[in-house]
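Before a label is trusted, it helps to ask what stands behind it. Please look at the structure and consider how each term is earned.

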Amino acid sequence: MPVMIDGIKVQLFSECDTNAPFPVADESPRRAHPKIDMIFPELFFPSNRTYLALGEAKIREVVKVHHELVRHSKIGHLYPQDEAAFIAATSKIEDFFVQMLGGKDLYTSVQGHPKLRDRHFPFEVTETGRDIWLMSFRKALKQCAVPKEFLPEIWNWVESISIRMINRRTSMEMVKRYPYESIHSYFDAE
């Protein structure tokens, strides 16, 4: 079902015909139809069986490894450089992952609604930054030896939420998706 504003269908920027002539000014006002830059995908949170099987310590380990990988990547400047601030930020994200993967209400009881796009707005998160963040998470899952049976649920959730962190678009193209089916062979390779 198309999204409508004032009876006009909202378009994605990627649907723009950039080769079409730009409207010439004349005695009538010109019009550009409403547009949005992207549609956020539906989220499927992992079941609590992920938390029950992995436990809080394993989830925290994955987040720590992930953050260390990102910290030493091309987007490492987005993370606190001060060690104490880095540990505090990582701990907060650990709480988020523990809760979202089925554990206790550690994050929202203290931080409120995640509001990922809003919380990341002070930092420039582009499509490329999201890809680096996401592929670092894939590497962390493998390094921490998360059992393969839980990877599809975790990955498909993380892949979807990672799109919600993008707050600076650099392209009119749709954000690249990485469903688990497209990356599962990474976990089979030694």
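The questions below concern a predicted model and the reasons for the words used about it.

Q: Why is Ser162 called buried?
A: Ser162 has a relative accessible area of 0%, and buried means under 20%, so Ser162 meets the definition. This residue lies in helix H6, which covers residues 151-163.

Q: What makes the pair formed by the side chain of Ser162 and the backbone oxygen of Glu159 a polar contact?
A: The backbone oxygen of Glu159 lies 2.7 Å from a polar atom of the side chain of Ser162, and the limit for a polar contact is 3.5 Å, so the distance falls within that limit.

Q: Which residues does Ser162 contact, leaving aside its neighbours within four places in sequence?
A: Ser162 is in contact with Arg130, Trp133 and Leu134, where contact means heavy atoms within 4.5 Å.

Q: How do you know that Arg138 has no salt bridge?
A: The nearest side chain of opposite charge, Asp131, is 11 Å away from Arg138, whereas a salt bridge needs a side-chain nitrogen within 4 Å of a carboxyl oxygen, and therefore none is assigned to Arg138. Arg138 is nevertheless buried; this residue lies in helix H5, residues 127-143, and, not counting residues up to four places away in sequence, touches Trp155, Ile183, Tyr186 and Phe187.

Q: What is the order of helices and strands along the chain?
A: From the N terminus on, the elements run β-β-β-β-α-α-α-α-α-α-α, which gives seven helices and four strands.

Terms used: Residues numbered from 1 in each chain as written. Predicted model: local features only at pLDDT ≥ 70, side-chain atom pairs only at ≥ 80, totals over all residues. Heavy atoms only, no water. Helix = DSSP H or I, 4+ residues; strand = E, 2+ residues; numbered from the N terminus. Buried < 20%, exposed > 50% of the residue type's maximum accessible area, 1.4 Å probe, protein only. Lys, Arg positive; Asp, Glu negative; His and termini not counted. Polar contact = N/O pair within 3.5 Å; in protein donor to acceptor, adjacent residues only side chain to side chain.
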